[in-house]
Amino acid sequence: MTNKMAEKDNTMEKIVSLCKRRGFIFQSSEIYGGVGGVYDYGPLGVELKNNIKQYWWKKFVSDREDMIGLDSGIIMNPKVWEASGHVGGFSDPLVECKACNKRFRADQIKGDKCPGCGGELTEAKDFNLMLKTYLGPAENTATQTYMRPETAQGIFVNFKNIVESSRIKVPFGVGQIGKAFRNEITPGNFTYRTREFEQGEIEYFIKPDKAESEKQYKYWIGEVKAFYSEIGIKESSLTLREHEKDELSHYSNGTTDIEFDFPFGTSELAGIAQRTDFDLSQHQQFSGKSMEYFDEESGKKFLPFVVEPSMGIDRATLAVLCDAFDESDGTDGREKGEITLHLKPRIAPIKAAILPLVKKDGLAEKAKEVYSATKSCFPAYYDESGSIGRRYRRQDEIGTPFCITVDYDSLKDSAVTIRERDSMKQERIKIAEINNYLFEKING
Ligand code: GAP
């Protein structure tokens, strides 16, 4: 391993350790030894992830006139997955070691021997990634169904319901955030590849026209990229990668991935695909129900084409944490080894910490007043224990952008000192101005 690679590996270990220590992300069922490929979001993690989801919803759904939302079920009629191509085509080639019985993805190993024990491998067999479950007391093929492997199909099967109930006109999009499940053979890299995860997906319905599809495809690549910048990811950490023809999913006529420079390598964050009318026409065929859209303008009926921007919410959260993570080398005014999470204020779990300089002489009471007024508008935290420097460090480590200190002067001038996390600059402002100040900094 080169020094640079070892350093990056080490960064990932530090991020995982911070996530556990400060309550961002825990291994699922840890007291029982965990379960492969599932993670739990702790008190700070759930706030961070919710803020990312809320910003996604605001940018892509509520702020736009051409977008509406949906929350469809995780369990669907199994025919959905036959029509979508997932029963037949959603699989990875798998080989098994004849000696130790470990399984590997055939496309991820080099040579023809087991990477674990060197044993002989079986021929590659396709392994379907959908998680099966049963509805009702009998467990047989008649009651078998699946946990959805993507949220997208909930949108396609509701296409008619949505158009008829909302009277929205093409071009329009439907956005959905929700859980998806895949029986990944090789989950790994913390929350990057898991078996239970969340997706934020948009199906954008347009006229069935190749040139229009190309135009919307380019537009949505730009919008998704902008989303990552707006939640704080540096432009320089992102790259676009267009799929080769032989790499395209069964439904796609063109896909571009947005990739992020993770400490473990450059990997996919989101995909933008031209799904044409593949899904609507499959559902029309399998269900026997018309999925056609009536265009009032031209008086014609057609199956719309679809451009799909799809992203993993857990991957966005992990990318945000990796991009924000910073361990001081001791030359930036902080002590060597001190950790700061440079989270964008809009997605930081806690926006402001209220700290009395000391507990006595009425400062704690005054600080609690400030805390209560701030908390009514923003997620805030009150901390009176330990030295002020230690309290700043505890907040820097979880990405709190502002620390508000109540000191002796506050009792006389009704003002406080606000310290900004990244620059560590301090300014004095009136208590009555705190909420306006925070509003501008968080939403500006
Ligand atoms: N509807 C299209 C679709 O599902 P995908 O590329 O298979 O396309 C979309 O998944 C996004 O979902 C990916 O870009 C990734 O961010 C996220 N994702 C996929 N599999 C994942 C996994 N096992 N763990 C975490 N996120 C995953």
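**View 1. Polar contacts between the ligand and side chains of the protein.** In this close-up, the side chain of Gln199 places an N or O atom 3.0 Å from an oxygen atom of the ligand. The protein covers 91% of the 550 Å² of accessible area that the ligand has on its own. The model shown here, as in every view that follows, is a predicted one. Two glutamates also approach the ligand with polar side-chain atoms: for Glu201 the distance is 2.5 Å, to a nitrogen atom of the ligand, while for Glu268 the distance is 2.6 Å, to an oxygen atom of the ligand.

**View 2. The residues around the ligand.** Widening the view from the individual atom pairs, one finds that the ligand is surrounded by 21 residues. The closest of these are Glu150, Arg182, Thr194, Glu201 and Glu268, and Glu201 and Glu268 are thus seen again here, having been shown with their polar side-chain atoms 2.5 Å and 2.6 Å from the ligand, respectively.

**View 3. Gln395 and its surroundings in helix α11.** Helix α11, which runs over residues 388–398, contains Gln395. This glutamine counts as buried because its relative accessible area is 2%, which is under the 20% limit used for that term. When neighbours within four places in sequence are left aside, the residues in contact with Gln395 are Ala353, Tyr381, Thr400 and Cys403.

**View 4. Cys114 in the loop between β5 and β6.** The loop shown here joins strand β5 (103–105) to strand β6 (125–128), and Cys114 has its place within this loop. With a relative accessible area of 5%, Cys114 is likewise buried. Apart from neighbours within four places in sequence, Cys114 is in contact with two other cysteines, Cys97 and Cys100, and also with Phe104, Gly119 and Leu121. Phe127 lies 13 residues from Cys114 along the chain, and the C-alpha atoms of these two residues are separated by 18 Å.

**View 5. The whole chain, as a setting for the close-ups.** The chain has 444 residues, 48% of which are buried, and its secondary structure comes to 13 helices and 23 strands. Its C-alpha trace spans about 75 × 65 × 45 Å along the principal axes. Among contacts in the chain with a separation of 6 or more, 64% are made by residues 24 or more positions apart. The chain carries 62 positive and 70 negative side chains, and the centres of these two sets lie 3 Å apart.

Conventions:
Residues are numbered from 1 along each chain as its sequence is written. This is a predicted model: local features need pLDDT of at least 70, side-chain atom pairs count only at pLDDT 80 or more; totals for chains, interfaces and linings use all residues. Side-chain values use heavy atoms; hydrogens and water are left out. Helices (H or I, at least four residues) and strands (E, at least two) are DSSP runs, numbered from the N terminus. Buried means under 20% relative accessible area, exposed over 50%, partly exposed in between (1.4 Å probe, protein chains only). Contact means heavy atoms within 4.5 Å. Lys and Arg count as positive and Asp and Glu as negative; His and the chain ends are not counted. The place of a charge is taken as NZ of Lys, CZ of Arg, CG of Asp or CD of Glu. A residue is near a molecule or strand if one of its heavy atoms lies within 4 Å of it. A polar contact is a pair of N or O atoms within 3.5 Å; within protein, one must be able to donate a hydrogen and the other to accept it, and residues adjacent in sequence count only if both atoms are side-chain atoms. Accessible areas come from the Shrake-Rupley method with a 1.4 Å probe; for residues, only the protein chains shown count as cover.
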